[in-house]
Structure formats: structure tokens, C-alpha cells
Amino acid sequence: LKNNSRRIATGLISFLILTMLLFQVVCAVETNETIDAAGRVTVTNVNIEPSILMTGDVGLVTFTVENTGSSNVIISDAHLISKDIVVLNSDVYSSSRTIGAGTDMKFTFTILADQPENIYYPAFYLNFRDAGSLRYNIPVRVEEPQMAVSISNIPEVFSKGVTSKISLMIGNAKSVNMTGITILPSGDGVKFNRTSAFFGDLPAHSEKAIHFEITPESESELKFDIGYTCGMNAHETSYSIPITLGTDKQAADP
């Protein structure tokens, strides 16, 4: 009887050990399959709008993530992290989601470039439920907002009631297109041939001349308020010169 009990106990222990070994093997296979499936998820495209941000601009960064494998992959959360660039919707992808086999998914973050001119490298983290995470750094270029403005053909002396033709030069010294450019002239006691000027596009590293005819009636300050956009962001600047009346030395002597 004792021998039978020992054989039964030995068999039971052997069965339990074998069951535990089989369970460990199965778990290892499942883990390896999960890791392999997550390894087939990759970032295939990154789009930054606008492509170059001015200091103080808001932009959108969109990551396209594709699952090139044959198994679905569960993502626990996704984040864009940076110590320099402010992410305005950092918790927008805090819940889990599934990327189906052979499909892609987009993750869009809103950023605020409140840093000085430089190139910054925020990191995109895609955390998998059972297989670690994916990290992907991107360069974000930030430039100081700057529009070059100057006036040419300014007469040596402005004369009361005499019309002068001047040229306002607008220059884009930056690497991003400036669009929707509006120019509003102003000045007490100054008449203009046009109340505003508009042109749609000023490409990077280019300039354009806008002509105005002005007729001063009194001493004043001639001012040009200039508005423009870069991507979704509006900017403005101004340029002014004093108008001092005098006698034109080149005018005919009655």
C-alpha cells in the first residue's frame, strides 16, 4: 500500500512538473509571437504643417503608423514628448486601440513652437500592450519671424500738396512661404492713391515691390501695417518713416 501511495505521489508530482513546463513553453511562444507582431509596426510617414514654424506658431504633426505583419497589434497608448516643444494635446491617444494586419493608423499632435530659432527633436512613443514600445524622433525646425521691409524712391524733401511715388520693398528672408500678405498705409494729413495692397504669395528668399503715391498736406508719420500668414499662423509687422515738409530744391523757381 505504501509503495502504491509513493507511486501515485511521484506520478502526481511528475504530472504537475510536466504541466508547468508545458505552460512555460506556451507562454514563451505567445510572447515571441507578440514581440514579432509588434516588430512589424513601423512609422512610414511624418507630416509637419507648416513644415517650418515661426517662434510662437502652432503646428500639426501627423505620424502614419503601418502594421506590415499578418497579426493584429494592440497599442496601449501613444505620446509625443519634448522638453522644448510644447505638445498641446499630449493625452489625446491615452486609450488602447488595435492596428489591424496590413492597415495603417494616423496619430496627430498639436504643437506650440515657443522656443527661439533652432532645430528640435521631439520623440514619438507608441506603447504596445504586450511588447514594449516604439520610439521615433523627428526634427522640428523653428525660425524667428522676420519680414524685411524698406522704402525706395523717397524724395529728399516732401512738399505740401506734391505727390511722390515711393516703392515699398517686402522681403522674405526665411525658409517658409509667406501668404495672404496685406499692406495698409496710414498717416495723418497724408493722401494715398490706394487704401490697401494685397498679394497672395511671397516664396522663401524672395522679395516684391509695391508702389504707392502719397500726397502730404502736413508733417506726419507715414506708416505701413503688414499682415501675413505662415501655414495656419497669422503674423504682423509695421514700418514707418517721418514726413517733414520743406522746399524741393529741384523744383522750378517761379
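The questions and answers below cover the salt bridges, nonpolar cores and one sheet of a predicted model.

In this predicted model, local features need pLDDT of at least 70, side-chain atom pairs count only at pLDDT 80 or more, and totals for chains, interfaces and linings use all residues. Residues are numbered from 1 along each chain as its sequence is written, and side-chain values use heavy atoms, with hydrogens and water left out.

Visitor: How many salt bridges does a search of the whole structure find?
Guide: Side chains of opposite charge can pair when their charged atoms come close. A salt bridge here is a side-chain nitrogen of Lys or Arg within 4 Å of a carboxyl oxygen of Asp or Glu. One of them joins R40 and D36, at 3.6 Å from N to O. For the whole structure, the search gives five.

Visitor: Is E143, which forms a salt bridge with R141, buried or exposed?
Guide: The closest N and O atoms of E143 and R141 are 3.2 Å apart. Buried means under 20% relative accessible area, exposed over 50%, and partly exposed in between (1.4 Å probe, protein chains only). R141 is partly exposed at 37%. E143 has 3% relative accessibility, so E143 counts as buried.

Visitor: Which strand supplies the largest share of the largest nonpolar core?
Guide: A nonpolar core is a set of buried Ala, Val, Leu, Ile, Met, Phe, Trp, Tyr and Cys residues joined through side-chain atoms within 4.5 Å. The largest such core has 31 residues, and F107, F124, L126 and F128 have the most contacts inside it. Elements that each supply at least two of its residues include α1 (2-38) and β7 (104-113), where helices (H or I, at least four residues) and strands (E, at least two) are DSSP runs numbered from the N terminus. The largest share, five residues, comes from β7.

Visitor: How many residues does the second, separate core have?
Guide: This core is separate from the largest one, and M54, F199, L222 and C230 are among its members. Its residue count is 27.

Visitor: What is the bridge partner of L53 in β11?
Guide: Two strands pair if DSSP finds at least two bridges between them. Three strands form an open sheet with mixed pairing, in the order β2-β11-β8; its edge strands are β2 (52-54) and β8 (118-120). Strands β2 and β11 run parallel and are joined by three bridges. Within β11, the partner of L53 is V142.
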